[in-house]
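Colleague: I am new to this structure. Could you choose one part, take me through it closely, and then show me what surrounds it in the rest of the chain?

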Amino acid sequence: LFELVTAANFMDIKPLLDLTCLAVSVFIKGKSPEELRRIFNLSNEFTPEEEAQVREENKWAEQPSKRGDDAASNTATNNNNNASSSS
């Protein structure tokens, strides 16, 4: 999947890039930072103190959506609507 994202970006195929990025967002949604590090093969270079500071500064990113909807679902719906209207 990640190779497909890279290829779509390189070849400038925006609909494919949008779709693959949506798939990645759905795949990583709800994963913990530790799970994401494992999936993307990333190391944790923060000290425990630095990690606590970053978490505090970015607490908003861990909050559930206040809109009550799912941005990824909206993107998929919009993409489907665009595809239908162009047919």
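Modeller: Let's begin with a pair of side chains: arginine 37 and glutamate 34 both belong to helix α3, three residues apart, which is about one turn of the helix. (Helices are DSSP runs of H or I with at least four residues, strands are runs of E with at least two, and both are numbered from the N terminus.) An α-helix has 3.6 residues a turn, so residues three or four places apart point the same way.

Before going further, please keep in mind that this is a predicted model, in which local features need pLDDT of at least 70 and side-chain atom pairs count only at pLDDT 80 or more, while totals for chains, interfaces and linings use all residues. Residues are numbered from 1 along each chain as its sequence is written, and side-chain values use heavy atoms, with hydrogens and water left out.

Back to our pair. Arginine 37 and glutamate 34 form a salt bridge, with their closest N and O atoms 3.8 Å apart; the term means a side-chain nitrogen of Lys or Arg within 4 Å of a carboxyl oxygen of Asp or Glu. The two partners differ in how much they are covered: arginine 37 counts as buried because its relative accessible area is 18%, whereas glutamate 34 is partly exposed because its value is 42%. (Buried is under 20% relative accessible area, exposed is over 50%, and partly exposed is in between, with a 1.4 Å probe and protein chains only.)

Glutamate 34 has another partner too, since its side chain meets that of arginine 55 in a salt bridge of 3.7 Å, N to O. This pair links distant parts of the chain, with arginine 55 in helix α4 and glutamate 34 in helix α3, 21 residues apart. Arginine 55 is partly exposed because its relative accessible area is 30%.

Now return to arginine 37, which also bridges to glutamate 51, the closest N and O atoms being 3.7 Å apart. Arginine 37 is in helix α3 and glutamate 51 in helix α4, so this pair ties together parts 14 residues apart in sequence. Both arginine 37 and glutamate 51 are buried; for glutamate 51 the label applies because its relative accessibility is 15%. Helix α4, where glutamate 51 sits, covers residues 48–57. Setting aside neighbours within four places in sequence, glutamate 51 is in contact with Glu34, Arg37, Asn44 and Phe46, where contact means heavy atoms within 4.5 Å. Put together, Glu34, Arg37, Glu51 and Arg55 are linked in a network of salt bridges. The structure holds six salt bridges in total.

What lies between these two helices? Asparagine 41 is in the loop between α3 (33–39) and α4. Its phi is near 55 degrees, a positive value in a residue other than glycine. Asparagine 41 is exposed because its relative accessible area is 70%.

Next, step back along the chain to helix α2, residues 14–28. Its 15 residues reach 21 Å from first C-alpha to last, close to the 21 Å expected at 1.5 Å a residue; the expected span is 1.5 Å times one less than the number of residues. Leu17, Thr20, Leu22 and Val24 are buried in α2. For threonine 20 that is because its relative accessible area is 4%. Not counting residues up to four places away in sequence, threonine 20 touches Leu1, Leu4 and Val5. Just after α2, glycine 30 has a positive phi of about 80 degrees.

Phenylalanine 27, also in α2, is partly exposed because its relative accessibility is 40%. Phe27 joins Leu1, Phe2, Leu4, Phe40 and Leu42 in a nonpolar surface patch of about 530 Å². (Patches use residues with over 30% relative accessible area and no salt bridge, joining like charges within 9 Å and nonpolar side chains, namely Val, Leu, Ile, Met, Phe, Trp and Tyr, within 5 Å.)

Finally, here is the wider setting. The chain has six helices and zero strands, and buried residues make up 10% of its 87 residues. Of the contacts between residues at least 6 apart in sequence, 24% join residues at least 24 apart. The chain exposes about 7,100 Å², with carbon and sulfur atoms supplying 57% of it; areas come from the Shrake-Rupley method with a 1.4 Å probe, and for residues only the protein chains shown count as cover.
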